[in-house]
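This report describes one protein chain for a reader who has not seen it before. It goes from the overall fold to the sheet and then to the charged pairs.

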Amino acid sequence: MERARYGVQRLQDAPDGQWHVRRISAIGASKTYKCPGCGHFIAPGTEHLVAWRADHWSGDDASAAARRHWHPKCWESRSYRY
């Protein structure tokens, strides 16, 4: 049941580092979040992604605290900053 609600976490390599990415189902989305990709809000009941750095310089706890919720299209099309 928890997997259906909160999704399965996966590790993703990208030009801007390694990321933990988890898909949040519509059932598991109970709060409003602001997508850092487009700046629009993600309403409760909207399927989306949550992502956080896997290689954060100050450790896993700081990384998890800095996680962000994204629209799937915004995450896939984000620009990488070097």
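The protein chain has three helices and six strands. Along the sequence these elements follow the pattern α-β-β-β-β-β-α-β-α. The model is predicted.

**Overall figures**

The protein chain has 82 residues, of which 32% count as buried. It exposes about 5700 Å², and carbon and sulfur atoms supply 52% of that area. Among the contacts in the protein chain with a separation of 6 or more, 47% are between residues 24 or more positions apart.

**The sheet**

Four strands form an open sheet, and their order is β1-β2-β5-β6. The pairing in this sheet is antiparallel. At its edges are β1 and β6 (68-70), each of which pairs on one side only. From one strand to the next, the twist averages 35°.

Within the sheet, β2 and β5 pair in the antiparallel sense over six bridges. One residue pair can be named here: I24 has H48 in β5 as its bridge partner.

**Salt bridges**

Side chains of opposite charge can pair when their charged atoms come close. How many salt bridges does the structure hold? There are two salt bridges in the structure, and the table lists them.

| Salt bridge | Closest N and O atoms |
|---|---|
| R78 with D16 | 3.5 Å apart |
| E47 with R23 | 3.1 Å apart |

Which parts does the pair of R78 and D16 tie together? R78 lies in the segment after α3 (72-76), while D16 is in the loop between β1 (9-14) and β2 (17-24), so this salt bridge ties together parts that are 62 residues apart in sequence. Are R78 and D16 buried or exposed? Both R78 and D16 are buried; the term applies because a buried residue has under 20% relative accessible area.

The pair of E47 and R23 involves the sheet. R23 is in strand β2 and E47 is in the loop between β4 (41-42) and β5 (48-53), so the pair ties together parts that are 24 residues apart in sequence. E47 has a relative accessibility of 39% and therefore counts as partly exposed. R23, with a relative accessible area of 37%, is partly exposed as well.

**In short**

The predicted model shows an open sheet of four strands with antiparallel pairing. One salt bridge joins the buried residues R78 and D16, and another joins E47 and R23.

How values were computed:
Residues are numbered from 1 along each chain as its sequence is written. This is a predicted model: local features need pLDDT of at least 70, side-chain atom pairs count only at pLDDT 80 or more; totals for chains, interfaces and linings use all residues. Side-chain values use heavy atoms; hydrogens and water are left out. Helices (H or I, at least four residues) and strands (E, at least two) are DSSP runs, numbered from the N terminus. Buried means under 20% relative accessible area, exposed over 50%, partly exposed in between (1.4 Å probe, protein chains only). Contact means heavy atoms within 4.5 Å. Accessible areas come from the Shrake-Rupley method with a 1.4 Å probe; for residues, only the protein chains shown count as cover. A salt bridge is a side-chain nitrogen of Lys or Arg within 4 Å of a carboxyl oxygen of Asp or Glu. Two strands pair if DSSP finds at least two bridges between them. Axes are lines fitted to C-alpha atoms, for helices over the stretch in contact, and angles run from 0 to 180 degrees between N-to-C directions.
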